[in-house]
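Good morning, and thank you for coming. Please look at the sequence and the structure that I am about to show, and keep both in view while I speak.

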Amino acid sequence: MRIASLLPAATEIVGALGLADDLVAVTYECDEPAGVRDRCAVVVDTALPAGLDPAGVDAVVRDRAARGLPMYALDRAALAAAAPDLILTQDLCRVCALPSDDVAHALAVLGSDADVVRVDPHTVEEVLAAVTEVGVRAGHPLAASALVAALVAGLRARLDAVAAAVAGRARPRVLVLEWTDPPYLPGHWVPELVRRAGGLAAGGAEGARSVAVTWDEIDGLGADLTVVAPCGYGLDDAIAQAHDVLETLPPGPVVAIDSASYVVRGGPRLVDGIEALAAVLHPGAVPEPPPGRVSRVR
């Protein structure tokens, strides 16, 4: 099976299933499993200029969206040369990854009959279902079913362990910032991560879309703790962006997190994110995350 993953979360799922050697094409953002971009054709790149700050990124995204311009560029020639049997894509967010209708149009132009699977989870349960679907579609059904069952069972066991560890504890109100300029409240699975970690999401709705708000609205949320998790960024950038808005944030502790690894990608490492958040919200209840994933800013 030759797999093209046009979504970093899907690339992580393929790797977690032990099928990384089947990947032949990925995006410029795919970094898990480690070194995957060195082994595969990179067929998706960003259409956004490099070096923009959060406000600049937001302005360009809004402008391109208003003009109907894409956020990503698909290298059709490279995709055709990779000759995938299976393509993993999404329709969840046009800002986060190449949408599937762009892929379908490209395949029609190329005359490809590759199987296309959309990976569009909105909740943690749907992430686990996506792992199952990718596993079955990417491998021999009998072998894949055993592999998927073991992976999903392990993820569920870890979720159950966190739930037991935080049960009965006071739940702090947690503000998660998915963007800092302008501030965005989280949607999709992110408020659920907070709940599963033993907190109450101060703003944002499970399964809904992220939404831009004002700092005055954030002040009214009554957050006890703020987690800065800018979409697509690692820990160093999250720390820097947290410092940029530190004086504007609600009083109380401020934590930066490796959002790209632990928060915004709908793959198996969301469970790592829940464990990391639980360690922040309830010190001592669960093991601390590995270095380089979470940092106390205030």
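**A buried leucine and its surroundings**

Leu79 is buried, as its relative accessible area is 1%. To call a residue buried, we require a relative accessible area under 20%, so Leu79 meets that condition with its 1%. I should say at once that this is a predicted model.

Where is Leu79 found? It belongs to helix H4, which covers residues 76–82. Please also locate Thr27. Leu79 and Thr27 are separated by 52 residues in sequence, and their C-alpha atoms are 11 Å apart in space.

Just after this helix comes Ala83, which lies in the loop between H4 and S5. Ala83 is not a glycine, although its phi is positive, at about 50 degrees. Is Ala83 buried, exposed or partly exposed? With a relative accessible area of 40%, Ala83 is partly exposed.

Let me turn to His188 for comparison. His188 also has a positive phi, about 50 degrees, and is not a glycine. Its place is the loop between S9 and helix H8, residues 190–196. His188 is buried, with a relative accessible area of 11%.

**The six-stranded sheet**

Next, I ask you to follow the strands. Six strands form an open sheet in the order S4-S3-S2-S1-S5-S6, and the pairing is mixed. Which strands are at the edges? They are strand S4, residues 72–74, and strand S6, residues 115–118, each of which pairs on one side only. From one strand to the next, the twist averages 20 degrees.

For those new to the subject, strands of a sheet pair through backbone hydrogen bonds, and they may do so in a parallel or an antiparallel manner. One pair serves as an example here. Strand S5, residues 86–89, runs parallel to S6, and four bridges join the two. Within this pair, Thr89 stands opposite Arg118 of S6.

Helices lie across these strands. Helix H1, residues 8–16, lies across strand S1 (3–5), strand S2 (23–27) and S5, and it runs at about 150 degrees to S2. Helix H6, residues 124–138, lies across S1, S5 and S6, at about 170 degrees to S6.

**A strand that is largely enclosed**

I now move further along the chain, to strand S7. Why do we describe S7 as largely enclosed by the rest of the structure? The reason is that four of its five residues, within the stretch 173–177, are buried.

S7 has parallel partners. Strand S10, residues 200–201, pairs with S7 in the parallel sense over two bridges, and Val174 stands opposite Ala201 in S10. Strand S12, residues 225–228, also runs parallel to S7, and four bridges join them. There, Leu177 stands opposite Val228.

**One face of a helix**

The next element is helix H10, residues 235–244. Which of its residues are buried? They are Leu235, Ala238, Gln241 and Ala242. When we look down the axis of H10, these buried residues fall within an arc of 125 degrees, and therefore they line one face of the helix. The face turned away from this buried side carries the exposed residues Asp236 and Asp244.

What covers the buried residues of H10? The cover includes helix H3 (54–66), strand S8 (179–180), S12, strand S13 (254–257) and strand S14 (294–296). You have already met S12 as a strand joined to S7 by four bridges.

**Cavities and cis peptide bonds**

How many cavities of 30 Å³ or more are there? The count comes to two. The largest cavity has a volume of about 40 Å³. Its lining consists of Val124, Val127, Leu128, Leu155, Gly267, Pro268, Leu270 and Val271. H6 and helix H12 (270–281) each supply at least two residues of that lining, and the largest share, three residues, comes from H6. This is the helix that lies across S1, S5 and S6.

Finally, I draw your attention to two prolines. A cis peptide bond joins Glu32 and Pro33, with omega about 10 degrees. Pro33 lies in the loop between S2 and helix H2 (36–39). The peptide bond from Asp181 to Pro182 is cis as well, with omega near 0 degrees. Pro182 is in the loop between S8 and strand S9, residues 183–185.

Thank you for your attention.

Conventions
Residues numbered from 1 in each chain as written. Predicted model: local features only at pLDDT ≥ 70, side-chain atom pairs only at ≥ 80, totals over all residues. Heavy atoms only, no water. Buried < 20%, exposed > 50% of the residue type's maximum accessible area, 1.4 Å probe, protein only. Pairing = 2+ DSSP bridges. Axes fitted to C-alpha atoms, helices over the stretch in contact; angles between N-to-C directions. Contact = heavy atoms within 4.5 Å. Arc of directions from axis to C-beta. 1 Å grid on protein atoms, 1.4 Å probe; cavity = no way out; pocket = protein on both sides within 12 Å on 5 of 7 lines; lining within 4 Å. Points joined across faces, edges and corners; volume = space filled by probe spheres on them.
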